[in-house]
Structure formats: C-alpha cells, structure tokens
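Load the model in your viewer and keep the selection tool at hand. The tour moves from stop to stop, with something to select at each.

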Amino acid sequence: MSYILGITQKYNEELLKDRIMIEGLVIGCLYKEPMLFQEYQSISAKDFITEDAQFYFGLGKLMSERY
C-alpha cells in the first residue's frame, strides 16, 4: 500500500501513523456488510488517502450497487 502522491508532504507524520491499517479496517467492514455502502453515501473514494483503499472502496461500491 502506498499513499496518494503528495499526502506525506501535506499531513504530519503523526496523523499518518497507522492510517493504512485504519483504512484497511474500514474497507473490511464495508465488504463484510455491503449495505453499508448505501447507508453511508457521504463517504467517497476521495476520503481515503491510500491508493489501495481508494481502489477497493470504488470496487466495493460498484459491487454493492449491482448486488
């Protein structure tokens, strides 16, 4: 996993600590209960700052819409 380009310069290292794990846990919760994608429509892929989290969020959202 890697951060989106420019994120490490924009945010303090303390704010980025464990961010990769936290985003992974959020994506895991959404995948476990796909109806959460519809319930939390205010969350978008741009809310995540890792490339993998953005990809998996977009994929999960697309699958939940067709589920």
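Where is the place of Met63? Select Met63 and you land in helix H5. Bear in mind as you go that this is a predicted model.

**Stop 1: the surface patch**

Stay on Met63. This residue counts as partly exposed, because its relative accessibility is 45%. Now add Tyr31, Phe55, Tyr56 and Leu59 to the selection. Together with Met63 they form a nonpolar patch on the surface. The accessible area of the five comes to about 470 Å² together. Which helix gives the most to the nonpolar patch? Colour helix H5, residues 51-66: H5 supplies 4 residues, the most of any contributor.

**Stop 2: the whole chain**

Zoom out. Show the cartoon and count 5 helices and 0 strands. Read along the sequence, the pattern is α-α-α-α-α. Switch to the C-alpha trace, which spans about 40 × 20 × 20 Å along its principal axes.

Turn on the surface. The accessible surface of the chain is about 5,200 Å². Carbon and sulfur atoms account for 58% of that surface. Of the 67 residues in the chain, 19% are buried. Then consider contacts between residues at least 6 apart in sequence: 62% of them join residues at least 24 apart.

**Stop 3: the aromatic rings**

How many aromatic pairs does a search of the whole structure find? The search gives 4. Select Phe48 and Phe57 for one of them. Their ring centres are 5.3 Å apart and their planes sit at 40°, so this pair is tilted. Both Phe48 and Phe57 are buried.

Compare Phe55 and Tyr56. Here the ring centres lie 5.1 Å apart and the planes meet at 75°, so the pair is edge-to-face. Phe55 counts as exposed because its relative accessibility is 52%. Tyr56 has 39% and therefore counts as partly exposed. Both residues belong to the patch of the opening stop.

Next, select Tyr31, Phe37, Phe48 and Phe57. These four residues form one aromatic cluster. Tyr31 links two stops, being in this cluster and also in the nonpolar surface patch.

**Stop 4: the salt bridge**

Move to helix H3, residues 19-32. Select Arg19 and Glu23. Their side chains meet in a salt bridge, at 2.8 Å from N to O. The structure holds 1 salt bridge. Side chains of opposite charge can pair when their charged atoms come close.

How many residues apart in helix H3 are the two partners? Arg19 and Glu23 are 4 residues apart, so about one helical turn separates them. Buried or exposed: what is Glu23? Glu23 is buried, because its relative accessible area is 2%. Arg19 counts as partly exposed, because its relative accessibility is 25%.

**Stop 5: a second partner for Glu23**

Keep Glu23 selected and add Thr50. The side chains of Thr50 and Glu23 make a polar contact of 2.6 Å. Thr50 sits in the loop between H4 and H5. At 0% relative accessibility, Thr50 therefore counts as buried. Glu23 thus appears in two side-chain pairings: the salt bridge with Arg19 and the polar contact with Thr50.

**Stop 6: the loop before H3**

Step back along the sequence to Asp18. You are in the loop between helix H2 (13-16) and helix H3 (19-32). Check the backbone here. Phi of Asp18 is near 65°, a positive value in a residue other than glycine. Asp18 counts as partly exposed, because its relative accessibility is 44%.

**Stop 7: Gln38**

Finish in helix H4, residues 35-39, where Gln38 lies. Gln38 counts as partly exposed, because its relative accessibility is 32%. Add Gln41: a polar contact of 3.3 Å joins the side chains of Gln38 and Gln41.

Which residues is Gln38 in contact with, leaving aside its neighbours within four places in sequence? Select Ser64 and Glu65 to see those contacts. Last, draw a C-alpha to C-alpha distance from Gln38 to Glu51. The two are 13 residues apart in sequence and 22 Å apart in space.

Notes. Residues numbered from 1 in each chain as written. Predicted model: local features only at pLDDT ≥ 70, side-chain atom pairs only at ≥ 80, totals over all residues. Heavy atoms only, no water. Patch = residues over 30% accessible without salt bridge, like charges linked within 9 Å, V, L, I, M, F, W, Y side chains within 5 Å. Areas by Shrake-Rupley, 256 points an atom, 1.4 Å probe, with all protein chains shown as cover. Salt bridge = Lys/Arg side-chain N within 4 Å of Asp/Glu carboxyl O. Helix = DSSP H or I, 4+ residues; strand = E, 2+ residues; numbered from the N terminus. Buried < 20%, exposed > 50% of the residue type's maximum accessible area, 1.4 Å probe, protein only. Phe/Tyr/Trp six-rings, centres within 6.5 Å; stacked < 30°, edge-to-face > 60°. Contact = heavy atoms within 4.5 Å. Polar contact = N/O pair within 3.5 Å; in protein donor to acceptor, adjacent residues only side chain to side chain.
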